[in-house]
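Colleague: Please take a close look at one part of this model, and then place that part within the chain and the assembly around it. I would like the cut-offs behind each term stated as you go.

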Amino acid sequence: MAALETYSPFTTQETAVAPLLSKGKRQDERFPEEFRQIFIKTGTVSSAAGSAYVEFKDTKVMCSVFGPRKALRTNAVSADGQLNCDVRFATFAAAQRQRFVQGTLERDCTTLLQNALEGAVIRESFPKASVDVQVLVLEANGGEAPAIITCASAALAHAGIQMRDLVTACSAAHVGEELLLDPTDGEERRAEGAFFLALMPQSNEVTHLSLTGEWTPQSMAEAMELCTDGCVGLDSLVRDCLRATPPSRNTKAKGT
Amino acid sequence: MSTSHALDAEAYRKIYPAEFYKKFLDEKVRPDGRPLGRCRATSVAAGAVSKADGSALVKIGNTTMIAGVKLEIMRPTDDASDVGTVEVTVEMPPLCSASVRSGRPTEEAQSASQRISEVLTHPAVFDLTQLCIAKGQAAWVAYLDIFCLDADGNIFDAALLAAVAALSDVTLPAVTVLEDGRVTADTAAVAEAQANAKDAMQTGEENAKGTQILTSQRQLSLKCVPIGLTCGLNQGHLIADPCAEESGLLDTTITVILNESGELVSVYKPGGNVGASDAILMDCIEMSRLRYKEVSPLLEKVLGKGMSE
């Protein structure tokens, strides 16, 4: 059947432009340096070797890890294991319906996730095999990238894949003089600069960092400090969660 | 060397799954402890995704489905000028199971999409004219996408339940048609059209602005609530709601969908190694009736309306 020609009747641009900050608080009643409500759960997908679900309030991400298992493509050059990441968005995740195919957004997120995790996963520990990280974004309301990375790293740990450290990620936006931690999509659109950090908090090593827009060296340093604290906070949440639901290796045939 | 009995059982299960399973069936019980006719714990939650216009999360045991509806506008075709459509897609992304690896949609998902679409767009189940905005000009398209988050057997029943809950969760917004013929749900434009319509009513004349087509906000509703039960046949035993491990051992499956009056909406038996006798079909229908009684209170609770009368 030919695809229907349809359009959305909903307007996406905000009509009344309310200030991002009033009386020191944001539109959703948060302080500038406050996270949204975070929920992390591991062990959400029964047939996966490891899985996790992460919620930054209305940004919801789910991740399954399969393997180590037989790789679909063999790598002739290296004997190290392959880390394959794939990020998809549900059709109803954003304001406008998206078709369920790999578009630019999915590819960008996949690359970002791959970059952020590569440094942490010990690929020598599963030679010639592959570990597949499958992510589905159920709802996107800003901060997808940090949620995706945190969720994937929790799922990898839950799967018992050897890693140097967990990777957690965090974003910040600057609006005028103010720095906003964990911006929503509305705040992201109106920010003058965006800062993104993926960190291995225990070893304090950066796996991925990006910076766009206008930044002064001073505001950059502040953002770095703010996001580092954010990543450390997320790290302890993920660790608490992993302690509560320990990896369930060898209880069932998995990931074949 | 001491080997524990637990280990032996696990090894036996892997090497001889059919024999392992038969030992349970002969005792009229299943490896997960269920009697043959019992379904796994089921839950339904509506409004799981705030960005969707209607949504639902359904769990049957481990099997998890999330359904979301996105509303868009289309121009109806000439031969069906007063109806909209519901576009159903069941997706099984690679995240849901180890056996799905990236690439084409799975056969199971495609077959489920097709069957759910047939059930939900049947005039006895869903009146497509409620999606009409202006005859011949504009109608709603409800894109109903159902994502499998965890595939542990019986995908179809969970997907249908999620689809029904998500579709009933939809409220069509008030819309008005702009001068260029496009439909908008923009609050300012709708408010203006409402004011114009009121003026036209009061003055009793139909001026140009008063004829702007305006539909008010309304909830979608189903004429009847279809709920399905899939049973599997294994070595002559009929088992309800098979999990993923059981599905691999089945000779065939039979899905019976009923409505609240206990009437058949759909029966589906997709081939398989064996046929199903009249007696087995009757058993399936009877089990489906019992299942309906289990599930309909869950749906009623989330949709907040009496649907059993």
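**A close look at one residue**

Modeller: Leaving aside residues up to four places away in sequence, Ala79(A) touches Pro127(A) and Lys128(A), where a contact means heavy atoms within 4.5 Å. Since this is a predicted model, local features are given only where pLDDT is at least 70 and side-chain atom pairs count only at pLDDT 80 or more, whereas totals for chains, interfaces and linings use all residues. Residues are numbered from 1 along each chain as its sequence is written, chains are lettered from A and ligands numbered from 1 in the order in which they are written, and side-chain values use heavy atoms, with hydrogens and water left out.

Ala79(A) sits in the loop that joins strand S5 (59–70) to strand S6 (82–89) of chain A; helices (H or I, at least four residues) and strands (E, at least two) are DSSP runs numbered from the N terminus. With a relative accessible area of 44%, Ala79(A) is partly exposed, because that class lies between buried, under 20%, and exposed, over 50%, for a 1.4 Å probe and protein chains only. Cys109(A) is 30 residues away from Ala79(A) along the chain, and 26 Å separates their C-alpha atoms.

The two strands that flank this loop each hold a residue of interest. In strand S5 of chain A lies Pro68(A), and the peptide bond leading to Pro68(A) from Gly67(A) is cis, with omega near 5°. Strand S6 of chain A contains Asp86(A), which is buried at a relative accessible area of 10%. Again not counting residues up to four places away in sequence, Asp86(A) touches Gln102(A), Thr110(A), Val133(A), Gln134(A) and Val135(A), and also Ser102(B) from the other chain.

That last contact leads to the interface, to which chain A contributes 46 residues and chain B 42. Between them the two chains bury about 3700 Å², 57% of it on carbon and sulfur atoms; buried area here is the accessible area (1.4 Å probe) that two parts lose on being put together, summed over both. On the chain B side, Lys51(B), Leu95(B) and Arg101(B) lose the most area to chain A, together 20% of what that side buries.

Chain A as a whole has four helices and eleven strands, and 51% of its 256 residues count as buried. Its radius of gyration of 19 Å agrees with the value near 18 Å for a compact globule of 256 residues, the radius being taken over C-alpha atoms and the rule being 2.2 Å times the number of residues to the power 0.38. The C-alpha trace spans about 55 × 55 × 35 Å along its principal axes. Among contacts in chain A with a separation of 6 or more, 68% come from residues 24 or more positions apart.

Two backbone details in chain B may also be worth inspecting. Asn154(B), in the loop between strand S6 (138–150) and helix H4 (155–168) of chain B, has a positive phi of about 50° although it is not a glycine, and Asn154(B) is buried at a relative accessible area of 8%. Asp241(B), in the loop between strand S13 (237–240) and helix H6 (244–247) of chain B, has a positive phi near 50° and counts as buried at 0% relative accessibility.
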